[in-house]
Amino acid sequence: TNFTNTNQVSNGYGIQQSYMDIVLKKYGIYHFPYIGNDRINTHMIKITGIPIGMLKSVADFIEPFNHSHLFYIWKGVLLDEINSSLVFVNLAKKEYDFLFSCVRRPVSLKTFLNDNSGKISALNYNIKSFMEMLIKIDESGQIKINPPFIYEPYINMDAECGCFNEKRIFPIGDSYFCGHPKVGNGLWTHLGFINHLVEEIKTAFEN
C-alpha cells in the first residue's frame, strides 16, 4: 500500500538525509529515542467510522498528493458487515494546537467543519480538501474526527526484571512499549504476548 509510512516528525528531520543518529535515552524504567537532543514524537489525529464501501474512493482521493505520507488508511479487521476503516492524519504543531483547542471528544466530521468554518484555514489545504470530500460522501453522518494526540515511542528494556511486592511481574501493553499505531500498537499486538505467556505457564505446570 502507498499509505504505510510517515516522513513527518515534530522536530522537522526529513528523508533527504542518508542516515540519522538515533539514540535511546533512559528516563525511569523506559528508554526513549532521540535525534540529537530532540525526543522523537509525531502529532496525529484519527478520522474514524469510514464505511468499507467508501475505502476505494478515499484511497483514490488521497493517492495523488500523499507522497509525503500525510495520510494513512487502516482498513480494519472485522467482518465486512460490521467493519469500518479509519485514517491517521499527520499534523504540524500549529495544526495540532488548533485541533486540540476545538476537538475534545469524538464528534461528527460534518459538525466539526460547520462549527469551525471560520478557523479551518489553520489546516493545510490537503487536509481540508480531504475532510470536505468525506462529508460529501458520508450520507449517514457516521464519520467522526477524534481528539488529536502526540505519539512518543518508548520501550521498557528491563521488562524481564520487573518486580512488584518482591514478586516477578510480566509487563504487557503500555508498561512494556509504546509502538506506532500504524504498525499494530495496543491490544491487537499485546494479545499475542499474553497468549505466549499463557502457553509458557501451561507448559511449566504440565512438566
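This is a walk through a predicted model, one selection at a time.

**Stop 1: helix H1**

Start by selecting residues 55-62, which make up helix H1. Colour Leu55, Val58, Ala59 and Ile62, the buried residues of this helix. They span an arc of only 95° around the axis, which puts them on the same side of H1. To see what that side packs against, bring up strand S4 (42-51), strand S5 (71-74), strand S6 and helix H4 (125-137).

Stay on H1 and show the side chains of Lys56 and Asp60, which meet in a salt bridge with an N to O distance of 2.8 Å. Because they sit four residues apart in helix H1, about one helical turn separates them. Lys56 is exposed, at 60% relative accessible area, while Asp60 is partly exposed at 41%.

**Stop 2: Ser85 in strand S6**

Next, pick Ser85, in strand S6 (residues 84-91). How much of Ser85 is accessible, in relative terms? Just 2%, so Ser85 counts as buried. Now show what surrounds this serine, leaving aside neighbours within four places in sequence. You should get a run of contacts from Ile47 through Thr48, Gly49, Ile50 and Pro51 to Ile52, and then Leu55, Trp74 and Lys75. Leu55 is one you have already coloured, as one of the buried residues of H1. S6 is also among the elements that the buried residues of H1 pack against.

**Stop 3: helix H2**

Move on to residues 93-102, helix H2. Which residues of H2 are buried? Select Glu95, Tyr96, Phe98 and Leu99. Look down the axis and you'll find them within an arc of 165°, so they line one face of the helix. Flip to the face turned away from that buried side, and there are the exposed residues Lys94 and Ser101.

The buried residues of H2 have several packing partners to switch on: S4, S6, helix H3 (109-115), H4, strand S8 (144-145) and S9. S4, S6 and H4 should ring a bell, since the buried residues of H1 pack against them too.

**Stop 4: the cysteines**

While you're at it, click on Cys102, which is partly exposed at 25% relative accessibility. Then jump to Cys178, which is buried at 14%. How many disulfides does the model have? The count is zero.

**Stop 5: His31 and its surroundings**

Now go to His31 in strand S2 (residues 30-35). Its relative accessible area is 16%, so it falls in the buried class. Beyond its neighbours within four places in sequence, His31 touches Leu24, Lys25 and Lys26, together with Tyr154, Ile155 and Met157.

**Stop 6: salt bridges across the sequence**

Keep Lys26 selected and add Asp158: their side chains form a salt bridge at 3.4 Å, N to O. Lys26 belongs to strand S1 (residues 22-27), whereas Asp158 is in the loop between strand S10 (154-155) and strand S11 (163-164), so the pair ties together parts that are 132 residues apart in sequence. Both ends are partly exposed: Lys26 has a relative accessible area of 46%, and Asp158 has 36%.

For another such link, show Glu152 and Arg39, whose side chains meet in a salt bridge at 3.9 Å, N to O. Here the parts joined are 113 residues apart, with Glu152 in the loop between strand S9 (149-151) and S10, and Arg39 in strand S3 (residues 38-39). Glu152 is partly exposed at 29% relative accessibility, and Arg39 is partly exposed at 25%. The structure holds four salt bridges, including these two and the Lys56–Asp60 pair from H1.

**Stop 7: a nonpolar patch**

Finish on the surface. Select Ile172, Leu191, Phe193, Ile194 and Val198, and you have a nonpolar surface patch of about 380 Å². Where does Ile172 lie? Look in the loop between strand S12 (167-168) and strand S13 (177-178). Ile172 is partly exposed, with a relative accessible area of 31%. That just qualifies for the patch, because residues there need over 30%.

Terms used
Residues numbered from 1 in each chain as written. Predicted model: local features only at pLDDT ≥ 70, side-chain atom pairs only at ≥ 80, totals over all residues. Heavy atoms only, no water. Helix = DSSP H or I, 4+ residues; strand = E, 2+ residues; numbered from the N terminus. Buried < 20%, exposed > 50% of the residue type's maximum accessible area, 1.4 Å probe, protein only. Contact = heavy atoms within 4.5 Å. Disulfide = S-S within 2.5 Å. Patch = residues over 30% accessible without salt bridge, like charges linked within 9 Å, V, L, I, M, F, W, Y side chains within 5 Å. Areas by Shrake-Rupley, 256 points an atom, 1.4 Å probe, with all protein chains shown as cover. Arc of directions from axis to C-beta.
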